[in-house]
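Open the model in your viewer and keep the selection tool at hand. The stops below can be followed in order.

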Amino acid sequence: MHGRVKIKSTAQQEEEKRKEREKKLKVYVAVRDACFSKRKEGIWDDEALQLTQQLLSSNPDFATLWNYRREILMHLETVKDEDEVQKIYVAELSFLESCLKINPKSYGSWYHREWVSLRLPRPDWARELSLCDRCLSLDDRNFHCWDYRRMVVKMSAVPVDQELQFTDRLIGSNFSNYSSWHYRSTLLPLLHPVSPEPSSPCRKPPPTSSPPSPQTHSHRVCEEQLLKEYELVQNAFFTDPNDQSAWFYYRWLLGRAEREEMISCVYVSRDEERVAVAFSRPVNALSVGLLLVLDGQPQRVEWRSVHPRFKHSPVWICDFAPGTISDISNEHNLTVHWTEKPTRRDCALYTGRTESYCRDSATDQELFRSELSVEKTSVLQSELHSCNQLQELEPLNKWCLLTIILLMRALDPLGYEKETLDHFQTLRDVDTMRSEYYSDLCSKFMIENTIMKMEYAEVRVFSISDKKLTTLCHLDQLLLVTHINLSSNQLQRLPLEFAMLQCLEVLEAENNSLENLEGLYHLPKLEEVSLKNNKISTLADLQPLASCPKLKCLDLRGNPVTQIANLESELSELLPSVTDLLL
């Protein structure tokens with residue numbers, strides 16, 4: 001047996017490890033308590049700096065110790081000269097590198113490094129940029145490092161085109177680098193912004209290397225550069241069709257430009273002596289400076305959103321004092337000023353008219369699409385052809401299917417409606433975990449198509465029955481609608497935004513799965529509601545209807561609520577204006 005290594009039993013090994021852990025824990029707790037004691041006594045000396053370093057070297061996520069360490073460093077700033085402070089902070093950066101080796105995604109370490117770098121008397125930003133390059137070469141999705149890099153780039157005024165070349169290198173080495181694609185999307189609008197002059201597709205970048213403020217540039221990219229980006233991203237998803245990074249970037253490239261901020265519609269009613277104003281985006285009318293002028297005289301009115309739970313809303317309403325515009329023999333001219341922009345919209349209420357409105361005759365591009373030049377249209381047609389080829393090779397690739405849908409919508413949403421519906425069905429089949437998302441997105445697109453068709457016909461009737469709708473959206477576009485048909489869909493609720501339908505008189509919502517009617521709130525003109533064959537089960541579900549003063553006809557046949565005893569008498573008390581009740 002002599003000369004042979006004695007092998008310890010598993011039990012012996014575990015016991016020795018336990019004792020070693022206990023020993024380390026006692027040291028750790030003792031040092032921790034010493035740090036806490038010193039901090040409580042307000043001691044900020046070199047020993048405290050060493051103690052915190054000892055603990056953070058093994059556990060860099062101890063936030064309290066980083067806070068104490070910053071207190072110590074700020075104290076040393078007051079008792080040391082600049083050169084000594086420089087040496088202390090350079091040593092601190094070196095210590096932080098060792099912490100990042102332990103945990104490259106330590107929140108505390110990266111935050112502390114940014115704090116130190118910004119207080120360093122003579123920072124070496126080139127060294128910090130090099131550190132970021134090394135960290136990202138090890139993990140190109142380290143979002144802490146990306147955040148830190150953006151700070152370094154800003155402080156050192158790295159030119160935007162240089163950073164764009166940096167993303168080129170990272171994407172070229174790894175198409176799956178989502179962080180690089182995202183960073184690229186923030187750089188391109190700075191380097192290639194959309195030109196305000198129609199004659200020039202791209203505006204030259206600013207003469208300085210620092211990026212302009214958010215107020216001075218658009219978030220969109222000029223068309224000339226977009227066309228180049230399509231080729232880059234196509235190379236990526238043809239290389240690896242199942243990687244989502246390039247597909248997400250492609251969706252960003254296809255995004256439409258933001259609508260011009262304006263008052264899109266003004267509606268005035270003599271009967272209610274009410275004005276409704278629709279904006280191109282949700283606003284807070286109490287803070288944007290909204291002024292109503294009637295026959296040349298500014299009016300003192302109280303603006304309110306269509307539902308009390310909305311602080312920001314695309315639709316706002318106000319009431320005149322009784323008798324102000326009720327006389328049908330008088331003509332009135334109204335102007336609504338949005339002083340924040342500034343912009344305004346006029347509306348004339350003529351003699352003999354009970355209502356009037358003034359609105360944009362918006363095109364489908366202005367509402368839901370981007371304006372496409374001939375060149376961009378041809379390129380997108382080519383992109384669609386390429387995606388269709390890829391889809392033939394990868395028929396179950398969800399990213400390809402979804403991108404085909406987006407390309408079709410960018411080119412011709414109405415012309416490609418049938419193909420879009422077919423592709424959505426395939427998406428639901430191949431990606432069942434996200435089937436509800438695809439159903440909601442399909443619902444959104446079908447509503448957009450219906451609004452576009454309604455725009456072309458210039459009617460106030462909105463019918464979208466039997467389209468398998470699971471959600472409602474763009475309701476601010478339906479302010480003037482008087483009759484809406486949502487029958488035979490898959491709706492479970494009428495959302496709060498439904499209260500924007502201030503002109504609605506007739507609602508047909510039969511054969512859905514409605515359980516919640518909270519959006520039927522203070523609709524001043526609503527007279528007829530058909531809710532046949534839904535899932536309304538309690539009187540409380542019908543409570544929102546009590547706020548509709550003109551409601552006369554209500555059809556509740558085929559709902560569980562009809563099984564309630566004495567329902568008719570209960571409803572007559574809840575809804576006294578209803579004269580035609582179908583149970």
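Start at the hairpin of β1 and β2: 4 residues lie between the strands, and Glu-273 among the residues of this hairpin has a positive phi near 50°. Keep in mind that the model is a predicted one.

Next, select strand β1, residues 263-269. Of its 7 residues, 7 are buried, so the strand is largely enclosed by the rest of the structure. Add strand β2, residues 274-283, which runs antiparallel to β1 and is joined to it by 6 bridges. To find the register, pick Tyr-267, whose bridge partner in β2 is Ala-276. Then add strand β9, residues 355-359, which is also antiparallel to β1 and is joined to it by 5 bridges. Here the pair to display is Val-268 with its bridge partner in β9, Ser-356. While side chains are shown, recall that in a regular strand they alternate between the two faces of the sheet.

Move to strand β7, residues 332-338. In β7, 5 of the 7 residues are buried, so this strand too is largely enclosed by the rest of the structure. Which strands pair with β7? One is β3, residues 290-294, antiparallel to β7 and joined to it by 5 bridges; Leu-294 stands opposite Leu-334 in β7. Another is β8, residues 343-349, antiparallel to β7 and joined to it by 7 bridges. Val-336 stands opposite Arg-345 in β8. Follow the chain from β7 into β8 and you pass through a hairpin of 4 residues.

Now select helix α7, residues 143-156, together with helix α9, residues 178-191. Their axes are 12 Å apart and the packing angle is about 35°. The crossing of α7 and α9 is right-handed. For the contact itself, show Trp-146, Arg-149, Arg-150 and Val-153 in α7, which meet Ser-179, Ser-180 and Tyr-183 in α9. By class, this contact has 3 nonpolar, 2 polar and 2 charged residues.

Finish with the cysteines. How many disulfides does a search of the whole structure find? The search finds 0. Select Cys-99 and Cys-135: the latter holds the cysteine sulfur closest to that of Cys-99, but at 13 Å the two are too far for a bond. Cys-99 counts as buried, at 0% relative accessibility. Then select Cys-318 and Cys-347. The closest cysteine sulfur to that of Cys-318 is the one in Cys-347, 12 Å away, and this is too far for a bond. Cys-318 is buried, with a relative accessible area of 0%.

Conventions. Residues are numbered from 1 along each chain as its sequence is written. This is a predicted model: local features need pLDDT of at least 70, side-chain atom pairs count only at pLDDT 80 or more; totals for chains, interfaces and linings use all residues. Side-chain values use heavy atoms; hydrogens and water are left out. Axes are lines fitted to C-alpha atoms, for helices over the stretch in contact, and angles run from 0 to 180 degrees between N-to-C directions. Helices (H or I, at least four residues) and strands (E, at least two) are DSSP runs, numbered from the N terminus. A crossing is left-handed if the near helix is turned anticlockwise from the far one by less than a right angle, and right-handed if clockwise. Contact means heavy atoms within 4.5 Å. Ala, Val, Leu, Ile, Met, Phe, Trp, Tyr, Cys and Pro count as nonpolar, Asp, Glu, Lys and Arg as charged, and the others, Gly among them, as polar. A disulfide is a pair of cysteine sulfur atoms within 2.5 Å. Buried means under 20% relative accessible area, exposed over 50%, partly exposed in between (1.4 Å probe, protein chains only). Two strands pair if DSSP finds at least two bridges between them.
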